[in-house]
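Trainee: I am new to this structure and would like a close look at one part of it. Could you walk me through the place where the two protein chains meet?

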Number of protein chains: 2
Amino acid sequence: MISTRGRYALRVMADIASNQEDGYVPMKDVAKRQGLSLKYLEQIIPPLTKNGMIVGVQGKGGGYRLTKKPKDYRIGDILRLTEKELAPVGCLAKGAPVCERRPQCKTIGFWEGLNDAVNDYLDSKTLEDLL
Amino acid sequence: MISTRGRYALRVMADIASNQEDGYVPMKDVAKRQGLSLKYLEQIIPPLTKNGMIVGVQGKGGGYRLTKKPKDYRIGDILRLTEKELAPVGCLAKGAPVCERRPQCKTIGFWEGLNDAVNDYLDSKTLEDLL
DNA sequence: CATTTACCTACCTTTCCGATAGGTATATTA
DNA sequence: TAATATACCTATCGGAAAGGTAGGTAAATG
């Protein structure tokens with residue numbers, strides 16, 4: 001399942017895209033428009049700035065701004081950064097220990113297929129599709 | 001995303017399919033072969049019997065048995081019965097209250113698409129594919 | 001210098017997953 | 001008929017994680 005982190009991140013990105021005419025968009029405004037907690041958003045955003053998806057400028061008149069055109073953001077990329085884990089099952093998760101039943105496991109291939117299906121869909125859509 | 005309930009259910013179904021020559025397969029044996037807790041499996045199984053996916057016979061010599069050929073079980077059907085919730089986001093869940101932001105929500109269409117993509121994949125595979 | 005913003009870190013509360021536990025009902029076999 | 005083996009039922013529980021709150025610091029602007 002997708003948590004609020006990823007869902008809110010998408011809404012934030014779409015909101016910035018819609019409001020960044022030529023200046024910077026304060027997260028305070030985004031929070032108010034979207035009806036979300038500013039403090040909570042503040043701890044969801046960092047992975048996006050650290051990976052160059054958006055730029056943040058401090059001080060008066062500051063805020064956030066996209067670094068690319070909406071069309072050039074794959075939703076999968078946004079979610080993979082903000083969501084703690086996207087894999088459908090634990091054994092396909094990032095830091096998962098190698099499952100000892102792996103050799104005899106009859107379902108792993110099926111789960112890998114599901115994982116691929118999900119990621120293919122996420123990568124087939126862009127931020128522009130949300131606007 | 002997918003919990004142990006659905007994952008174990010698949011392993012149980014595959015195990016029964018592989019061991020039900022012409023008699024009934026005791027859950028005790030399944031638990032031992034799969035390395036899972038019998039008591040936990042016992043509370044995962046009921047939805048499968050109540051919906052006619054398998055039949056359970058009590059008493060000595062009893063156990064479980066498939067009601068159809070492995071090829072006729074869509075994995076999606078098994079998971080929708082055993083998994084508490086398959087929807088990728090809360091607002092698409094079974095008993096979810098209507099979201100008040102629905103009219104202005106720009107992401108709901110995207111999530112519905114993901115939900116469809118997942119279910120399409122799950123319904124494209126059968127129990128036979130796991131054997 | 002005052003204000004506004006991003007940025008950082010700790011903590012907290014509730015939910016729920018993943019089980020454990022103890023029992024009852026029902027059928028078979030000796 | 002007694003003993004046994006099974007399915008079936010219901011309550012409880014510990015730990016982890018989600019989802020958020022809170023309070024601060026750093027930097028830029030007017």
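Mentor: Happy to; let us go through the contact between the chains, then glance at the DNA beside it. Keep in mind that this is a predicted model. The contact draws 29 residues from chain B and 29 residues from chain A. Between them, chain B and chain A bury about 2600 Å², and carbon and sulfur atoms give 71% of that area. On the chain B side, B:Met1, B:Phe110 and B:Tyr121 lose the most area to chain A, together 25% of what that side buries.

What about polar links? The rule finds zero salt bridges across the interface of chain B and chain A, while nine residue pairs are in polar contact, both residues being at pLDDT 80 or more. Helices H1 (4-19), H2 (27-34), H5 (75-82) and H6 (108-124) of chain B each bring at least two residues to the side that touches chain A. H6(B) gives the largest share of that side, nine residues. Sorted by class, the chain B side holds 16 nonpolar, seven polar and six charged residues.

Now to the DNA. Around DNA strand D there are 24 residues, and the closest are A:Lys39, A:Gln58, B:Met27, B:Glu42 and B:Tyr64. For B:Tyr64, a polar side-chain atom lies 2.7 Å from a phosphate oxygen of strand D. From chain A, the side chain of A:Gln43 places an N or O atom 3.1 Å from a base oxygen of strand D.

Notes:
Residues numbered from 1 in each chain as written. Chains lettered and ligands numbered in written order. Predicted model: local features only at pLDDT ≥ 70, side-chain atom pairs only at ≥ 80, totals over all residues. Heavy atoms only, no water. Contact = heavy atoms within 4.5 Å. Buried area = accessible area lost by both parts, 1.4 Å probe. Salt bridge = Lys/Arg side-chain N within 4 Å of Asp/Glu carboxyl O. Polar contact = N/O pair within 3.5 Å; in protein donor to acceptor, adjacent residues only side chain to side chain. Helix = DSSP H or I, 4+ residues; strand = E, 2+ residues; numbered from the N terminus. Nonpolar A, V, L, I, M, F, W, Y, C, P; charged D, E, K, R; others polar. Near = heavy atom within 4 Å.
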